[in-house]
Amino acid sequence: MTRRRALVWAATSTRLVVGTALAAGVVLAVGVGVAAPWPTHETQPVSLSVTPTPADTVLACTGPLLALGRDASDAGGLTSAASSQTVSASDGSPLDTVALTASPAISGDASASALVAAPDGDRRSDAAAAASASVEADDLRGYTASACRQPLIESWLVGGATTTGAADLVVLSNPSDVAATVQLSLYSPTGMAVPAGGAGLRVDPRTQRIVPLASLGVGEEAPIVRVTASGAPVSAVLQSSLTRILLPGGVEQTGPVVAAETTQVLPGVQVLQSAVDAGPSGATTVLRVLSPGTATTVTVTVRDERGDEVLRQEAPLEADLPTEVELAGLAVGRYTVTAAADAPITAAVWQTTGFGEGADFAWYTPAPLLAAPTLVAAPAGPSPTIFLVGGGAAADVTLEPVQGTGDAIDANVSAAGVTVVAATAGTVYRLQTDAPVRASVSYASAGQLGGFPIWPADAAAAALTVYP
């Protein structure tokens, strides 16, 4: 029995040793297998690069200058006070005119319209249009120049007031075939609010809805309005007019600021001798600025047409509260104002020719960078000039007429400099540059101010990758 037990024990021990060895081998093999690179096989999903069909180019024009409450029996009634003259051109398909119906109705010649250029083959047509108007009446006087703009989902209106003597209007144009719903958010000394008069505004297809700025808030000295649209984009413009002790003090149609950005460059500001002489009566050059949602500090610099810095100052900005910065002491000349902050801001500069009889004013809005060829429309007006501002690198710029009687213009712009060239009224130019620049069209004479920035041409739609 002892020998038998010894044989069983030996057999069992052998099996245990072999089993343990096999288990260890399996563990080692699995570990090596996990650590070792495994063969891979990748399958790329089926995809297709598709370039969307180019869309129509659509530009909405503001239309005539409007007078509010001329009829004593209808304080809210609107009247066409002066028609506008429009100059336009397309580098592709011809521009067609689409009439916009005003709401509420306007008495007189209310000829607001939109311009539409179909695609030119497989590319989008670039187009530009701008209008100007002047008026001399007991309740309204001055000159204004404004560009016809493509509709936007969001934009900012920086300017105007709802104090005594102001009769300002928000003009919302919807040139599409789809209704738009618009919200007007008011920024004032109490912060941001959506007044009842600015909520859920329906703008029907191919119509222009006109909203008195005072319906958003009364007694506001420095309002800023954020315009947001759903359903369809809209073009927003602010018409401002001012009366001082029964004397009309100017009129303006101010286009939108596209977006809040950390740096806003505002070219084209012109200070006339009459403004310098009127200095003691009040500030004639004022920057209005807002930092939405964030407190920050804005640094304001002013450069003359030689590019030399003539003024620099800082101002604190509280979140959602519009602030006005007086740019005092500017001599007669032409200037570019830059506002920079650590947070996105929106801004515009107000300039007046004076405070007495025959005065006019203008609001100058930021100019975006231009890199691609872009059309520039210069409507009728006094002494039209084009401001070119360096975008960080020296640029050679050519302005070639595509419509009108103007001559070609060649200009050199230094990296941070300003170049001002004379333009021909009624001419549309093609601006080409070998480095990014900013540009604006500006007008000035005794009792007349106006101007607007140049926006870049709409880019063609980029190719999309589609995964079936």
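In this predicted model, Thr385 finds its bridge partner in strand β34 at Ser442. The pairing to which this bridge belongs is antiparallel and joins β29, residues 385-390, to β34 over six bridges. Strand β34 itself spans residues 437-445 and is mostly covered, with eight of its nine residues buried. Strand β35 is also a partner of β34: the two run antiparallel and are joined by six bridges. Within that pairing, Val441 of β34 stands opposite Phe452 of β35. The connection between β34 and β35 is a hairpin with two residues between the strands. Gly447 sits in the turn of this hairpin and has a positive phi of about 75°.

Strand β35 also leads to the internal spaces of the model. Two cavities of 30 Å³ or more were counted. The largest has a volume of about 230 Å³, and its lining is made up of 21 residues. Nearest the centre of this largest cavity lie Ala127, Ala128, Arg149, Leu375 and Trp455. At least two lining residues come from each of β2 (57-60), β10 (127-136), β28 (374-378) and β35 (448-453). By residue class, the lining of the largest cavity holds 14 nonpolar, four polar and three charged residues.

The second largest cavity encloses about 100 Å³ of space. Its lining counts 15 residues, and those nearest the centre are Thr254, Gly255, Thr365, Phe452 and Pro453. Phe452, met above as the residue opposite Val441, thus returns here beside the centre of a cavity. Strands β11 (141-147), β20 (247-254) and β35 each contribute at least two residues to this second lining. Here the division is seven nonpolar, six polar and two charged residues. Strand β35 therefore supplies at least two residues to the lining of the largest cavity and at least two to that of the second largest.Strand β28, one of the contributors to the lining of the largest cavity, also belongs to an open sheet of four strands. The order in this sheet is β28-β33-β30-β31, and the pairing is antiparallel. Because β28 and β31 (409-413) stand at the edges with a single partner strand each, one side of each is left without a neighbour in the sheet. From one strand to the next, the twist averages 30°. At the β31 end of the order, β30 (residues 395-403) and β31 run antiparallel and are joined by five bridges. One residue pair in this region is Leu399 with Ile409, the latter being its bridge partner in β31.

Strand β20, which helps to line the second largest cavity, is part of another open sheet. This one has five strands in the order β7-β17-β13-β19-β20, with mixed pairing. Its edge strands are β7 (101-103) and β20, each of which pairs on one side only. The twist in this sheet averages 20° from one strand to the next. Strands β19 (residues 235-244) and β20 run antiparallel and share six bridges. Arg244 has Leu247 as its bridge partner in β20.

What surrounds Val170? This residue has its place in strand β13, residues 169-174, a member of the five-strand sheet. With a relative accessible area of 0%, Val170 falls under the 20% limit and so counts as buried. Leaving aside residues up to four places away in sequence, Val170 touches Leu157, Leu184, Arg209, Ile210, Val211, Leu213, Val237 and Leu238. Another link across the sequence is the one between Val170 and Ser240: they are 70 residues apart in the chain, while their C-alpha atoms are 8.9 Å apart in space.

The protein as a whole sets these details in context. Its secondary structure comes to two helices and 36 strands. Of its 468 residues, 48% count as buried. Among the contacts with a separation of 6 or more, 77% involve residues 24 or more positions apart.

Methods
Residues are numbered from 1 along each chain as its sequence is written. This is a predicted model: local features need pLDDT of at least 70, side-chain atom pairs count only at pLDDT 80 or more; totals for chains, interfaces and linings use all residues. Side-chain values use heavy atoms; hydrogens and water are left out. On a 1 Å grid over the protein atoms alone, a cavity is a set of points where a 1.4 Å probe fits but cannot get out, and a pocket is an open set with protein on both sides within 12 Å along at least five of seven lines; lining residues have an atom within 4 Å of a point. Grid points are joined across faces, edges and corners, and a volume is the space filled by probe spheres set on the points. Ala, Val, Leu, Ile, Met, Phe, Trp, Tyr, Cys and Pro count as nonpolar, Asp, Glu, Lys and Arg as charged, and the others, Gly among them, as polar. Two strands pair if DSSP finds at least two bridges between them. Axes are lines fitted to C-alpha atoms, for helices over the stretch in contact, and angles run from 0 to 180 degrees between N-to-C directions. Buried means under 20% relative accessible area, exposed over 50%, partly exposed in between (1.4 Å probe, protein chains only). Contact means heavy atoms within 4.5 Å.
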